[in-house]
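Reader: Hello! I am new to this structure and would love a close look at one part of its surface. Could you walk me through it and then show me how it sits in the whole chain?

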Amino acid sequence: MSIPKECLSTMLGIIRYVLFAVLVISCITAALYSIRARKMSDPLDRGIFHASTNIYMGIMLVALSFIAMLMFSGSTPAVIVEAVFMVMGAFNIFAGIRSKSYYSRQKSARS
């Protein structure tokens, strides 16, 4: 069973638009959390907001690597850059989740 070329082209277009929307939304959200973190006076609240910034920056990097995978051919430098963005994004997501849980536990223990 083969997928018609028009359907495949349409699906890739939809995926690109969804990934671009995820990229834009995560970029805006990361910026907003970063601004809010800088305005916080409580260090625990600041840590929670910085952790959220890390999570959204990780999502942004992963979305950017997927966009690069879909838009560019499989040349060696492109694959290396995509892999680096993917690893950095995954690490940011992991570190953000870990930091957020740590600061949340500290905040609930203080209350």
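Author: Happy to! Let's begin with a nonpolar patch on the surface, about 420 Å² in area, to which Ile-3, Leu-8, Met-11, Leu-12 and Ile-15 contribute. Please keep in mind that this is a predicted model.

Met-11 is a good residue to pause on. You will find Met-11 in helix H1, which covers residues 5-39. Is Met-11 buried, exposed or partly exposed? Its relative accessible area is 39%, and because buried means under 20% and exposed means over 50%, Met-11 counts as partly exposed.

Now let's step back from the patch to the chain around it. Helix H1 belongs to a chain with 3 helices and 0 strands. Reading from the N terminus, the order of elements is α-α-α. The chain has a radius of gyration of 18 Å, while the globule rule gives 13 Å for 111 residues; the value for the chain is well over that, so the chain is more spread out than a compact globule. You can look at its dimensions too: the C-alpha trace spans about 60 × 25 × 25 Å along its principal axes.

Finally, here is how surface and interior figure in the chain. Buried residues make up 28% of the 111. The accessible surface adds up to about 7,700 Å², and carbon and sulfur atoms account for 71% of it. As for contacts between residues at least 6 apart in sequence, 73% of them join residues at least 24 apart.

Definitions and conventions
Residues are numbered from 1 along each chain as its sequence is written. This is a predicted model: local features need pLDDT of at least 70, side-chain atom pairs count only at pLDDT 80 or more; totals for chains, interfaces and linings use all residues. Side-chain values use heavy atoms; hydrogens and water are left out. Patches are made of residues with over 30% relative accessible area and no salt bridge: like charges are joined within 9 Å, nonpolar side chains (Val, Leu, Ile, Met, Phe, Trp, Tyr) within 5 Å. Accessible areas come from the Shrake-Rupley method with a 1.4 Å probe; for residues, only the protein chains shown count as cover. A salt bridge is a side-chain nitrogen of Lys or Arg within 4 Å of a carboxyl oxygen of Asp or Glu. Helices (H or I, at least four residues) and strands (E, at least two) are DSSP runs, numbered from the N terminus. Buried means under 20% relative accessible area, exposed over 50%, partly exposed in between (1.4 Å probe, protein chains only). The radius of gyration is taken over C-alpha atoms; the globule rule is 2.2 Å times the number of residues to the power 0.38. Contact means heavy atoms within 4.5 Å.
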